[in-house]
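Work through the following exercises with the sequence and the coordinates side by side. Each task sentence is followed by a solution that goes step by step.

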Amino acid sequence: MIKPLILWGLTLWMPVIVLAQPIPPTINTTLTGRITDQRTGEPLIGATVLIKGTTNGGTADTRGQFILKTGQKLPFSLVISFIGYQSKEVIAEGSPINIDLAADAKQLAEVVVIGYGSVKKTDLTGAVSSINTDQINKTINTSLDQALAGRAAGVQVTQTSGQPGSAISIRIRGGNSITGGNEPLYVIDGFPVYNDNTDANSGVISGPSINALASLNPSDIESMEVLKDASATAIYGSRGANGVVLITTKKGKAGQNNLSYEVYYGQQNVLKTVDVLTSARDWALLKNDARLNSGKTPYYTDGQLQALTGGTDWQQEAFTTALIQNHQLSLTGGDDRTRYAISGNYFKQDGILRQTDFDRYSIRINLDRDFSPKFRVGTNFTASKVSARIANGGIVNALLAMPPTVPVRKANGEYTYQSEFETPLGNPVATLEKEINKTTTYRLLGNVFGEYSLATGLTAKISFGADVINNKQNRYVPSSIYQGANASATGTAAVGSKFASSWLNENTLNYSRQLGGNHSINAVIGYTQQAYQNESVLAGSQQFVTDQLAYNDLGSGSVYTQPASSASKWALNSFLGRLNYSLDQKYILTISARADGSSRFGKDRKWGYFPSAAFAWNASRESFFSAIPSVSNLKLRLSAGITGNQEIGQYLSLATLATNTYFFNNQTVIGFAPNRISNPDLGWETTAQYDMGIDLGLFKNRLSIVFDAYFKRTGNLLLNVPIPYTTGQSTSLQNYGTVENKGFELGINSQNLRGKLAWNTNLVFSLNRNKVISLGEGANYIISGANIAKVGEPLGSFYGYKTNGIFQTSDNIAELPTIDPTKTKPGDRRYVDINGDKKITQADDRTILGNAQPKFIGGLTNSFSYQNFDLSIFFQGSYGNQLFNQNKQQLELLTGQQNASVTALDRWTPTTPGNTIQRALEDPAPVNTSRYVEDASYLRLKNLTLGYHLPNGIASKIRSSQIKVYVTAQNLFTWTRYSGYDPEVSRYEQSTLNLGIDYSVYPSSKAYLAGLIISL
């Protein structure tokens, strides 16, 4: 937590403001004033004010106000102090006097939240990154995981869609698994949540999934810690291999009652559009070219070509300026026995594609009470409703593919039904306007706990929690659009529902004690149990008489689609323990272990054991370091351990049956047949990780550096391995294969300027190298579309042919390597003959074309403050990663049956024989080539925020402790050579094998907003 607290304490420095003319010095002086938090403006209840050199003083009341009566003449010096804040000395010249105190980062960052407890910052041995939540609240984040982008070293965030509320993919220190889950574990106020988004998806909608974490309000977050190495994550055992994100929501503080309202409004526009043909005549010429090269007559006559003018820009017709708004009302406070935090939130984000949006209603109640000095109880509870109108999964491809000769509407004002060419395409604007594609999710997440102090330093804690998700999805494709009026269905409706619940019980004993002055122990042991279950059902029908009822009366469809239902459950029992020992606060040893028993694995491998150990040396506390005053802090860390991954789905170790359709006596009957054999030895994927770290503070910690180097290897990968057909099956899920990740991380915080003008900088930098070590005996690669997992190569590699220009009329094609010598002609694309056998074959001439793994990623934040103004500038970037631009691949087919990229204007023709773009042809097969693997490196001005705190004198007139206004620009500029919509994208949600594919992805947006914060 030291990073955000340093920023909070030093970024928003404001001078002392004198709101009235000085009172002439007098012998009997009464001085009044107010003491507030420098960052938030909240009153500091109980702050102490003393006249320097005397015992005459007072304390601040519930409004932060104080009154001093003295016989001293003005001016005189005051000393102001408060626990957790830097003491301050000011000269009082008259009443009233307003004084703000800066948070003391050293005091407040003394304790760091880790799994099942907390430790002193000086005693931390693991690799933990803290996220500055103050900066997060200045950006548009529909979900809490989205806020991690560029904020923590070693954390890579990939947006899978620009659809509001859509899922994202997180990788902490690289991807470990090929077929299992790779997302981190989120622990929200002690409740573990794995975010694979399946619980918020009934399976009805077409398009991107909505992020299950988007149901939680990011504005409720008090702190976020990312646990990265095995020492920090092993306490979570079978769920720690992909990293752990600890989220603590805001709590009330005794004597600090506060009512606040935060609001912002803004608008969004598409980040950029793809360059396609928008001239009707240019496309008509392409159409004629494709037909002529295919041995057909032209589609358009010369007269028709001359008559063509203008053209439809389908992207311009579909993209729109979209509004966004957020409202947050919070009430926090308490007394010496009870603390509370209550908040309500409404968030609404319209999509930049027509008729798409996301909205969320949420409430949160955090409450704890001390019933006695030994006994405390509390609860953390949130409830939310989120709903979204989702763009059809193929809508972006349809916008790019629709020819510019087709109008959006006919002369009578009705939507054009389809394109009139050989491969008809439905009107994508009509699809956006008329298709219903909606999802709604209700979520309850909370826990209750009790803590009892059994003895000095020994505390028992019992907690019970539950996470309940209820999802409903509705879809209706009306007969008035192309997709809903084909030969088999006039109007199609589907309804789905999914109910998922998880309960958790945790029982822990925590012991913390200082022994003999030099020794300290912090230990925890515990037993936890968690169970999960879900049920889902789908129903639908087709051929409706009218579209008026949509999905609300499935019985009015004359043809019912096959219904479906499913249910599953799992359970996890665990024993855990950790010991943290410190000697003289110089030498720290941490040992942790967890044993997990999971129902997901084979009967002989139910239990897994996950130990770790770490050592740290606070070298700067050694006596010899006193001779190096420039070094404020130096700590060396070493850790090693094993963590696991249980995210493989349910029942995969068991033999199962599947339904099949058979025909007997001309009748359809349903039967069952085996579809998987059992594997009682199916076990955990395990990750062994080693970490070496350095924490360095220089010049009284004005410059802080955190460096980590790590190596991790994941073995026993869960892969479908070929087995003899005599078993009745072709593959079996078994533990084979190994993946390696290694790299280093760097975090730098600097206080560049202090005083009236303050300037702080935060830099995070990460480098990870991923490699497949083994795929099991006899296996060297796994191919999936344009991707390949190959031994010796990183996951997310692209596989295909290298291009070698275009065949020209002067080439002797018969003597050159081609895929099909009988069909290849001048103007067709050439490929590199990898093995030199004078022919192009899939088996011998496809090769690695690049990969989606970046060489490094980073983020840079500069924060400035001057008097009442503050400015934050946040850059985020990635270098060395590539994308397979499948949109470009489709647009460069040049078939004349769909639209094309503007590069079609440079296509090969006998009169303009270029060497980059092939000739037009009606039926070419798409080929995965190096032409479509593009550099996707980028640098983005992710966030720019300018804020202004109104003077306290103005705020106090409306009984407010703080009024702040701000303006923000998000995704303002992007520097990249990538030709697609956005280099920060990957189509396949949370997939490690199919990384870096850009195809029909909802584009990202840039946004401008203005906000207001009022605290009473």
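## Exercise 1: an alternating strand

Task: determine which side chains of strand β31 (residues 607–618) point to the buried face and which to the other.

Solution. Along β31 the side chains alternate, with G608, F610, S612, A614, A616 and N618 pointing to one face and being buried, while W607, Y609, P611, A613, F615 and W617 point to the other face and are not buried. Here buried stands for a relative accessible area under 20%, exposed for over 50% and partly exposed for what lies in between, with a 1.4 Å probe and protein chains only. Strands (E, at least two residues) and helices (H or I, at least four residues) are DSSP runs, numbered from the N terminus. This is a predicted model, in which local features need pLDDT of at least 70 and side-chain atom pairs count only at pLDDT 80 or more, whereas totals for chains, interfaces and linings use all residues. Residues are numbered from 1 along each chain as its sequence is written, and side-chain values use heavy atoms, with hydrogens and water left out.

## Exercise 2: the neighbours of the strand

Task: find how many bridges join β31 to strand β30 (residues 587–598), and how many join β31 to strand β32 (residues 631–645).

Solution. Two strands pair if DSSP finds at least two bridges between them. Between β30 and β31, which run antiparallel, there are 11 bridges, and Y587 stands opposite W617 of β31. On turning to β32, one finds that β31 pairs with this strand in the antiparallel sense over seven bridges, with S612 opposite G641 of β32.

## Exercise 3: an open sheet

Task: give the strand order of the open sheet of four strands and identify its edge strands.

Solution. The order is β4-β3-β6-β7, with antiparallel pairing. The edges are β4 (57–59) and β7 (88–92), each of which pairs on one side only. Strand β6 (residues 76–81) is joined to β7 by five bridges, and the bridge partner of S77 in β7 is I91.

## Exercise 4: aromatic pairs

Task: classify the ring pair F884 and Y932, and then the pair F973 and W975.

Solution. Rings of Phe, Tyr and Trp (its six-membered ring) pair if their centres lie within 6.5 Å, and planes under 30 degrees apart count as stacked, over 60 as edge-to-face and the rest as tilted. The structure holds 29 aromatic pairs. For F884 and Y932 the centres are 6.4 Å apart and the planes stand at 75°, so this pair is edge-to-face. F884 lies in strand β49 (residues 882–885) and Y932 in the loop between α11 (886–891) and β50 (933–935), so the pair ties together parts that are 48 residues apart in sequence. Both F884 and Y932 are buried. For F973 and W975 the centres are 6.0 Å apart and the planes stand at 40°, so this pair is tilted. F973 is partly exposed, with a relative accessible area of 44%, and W975 is likewise partly exposed, at 45%.

## Exercise 5: a helix and its span

Task: compare the expected span of helix α5 (residues 280–293) with the distance between its end C-alpha atoms.

Solution. The expected span of a helix is 1.5 Å times one less than its number of residues. With 14 residues, α5 should span 20 Å, and its end C-alpha atoms are 20 Å apart, which agrees. The buried residues of α5, among them W283, L286 and R291, pack against α6 (302–307), where contact means heavy atoms within 4.5 Å.
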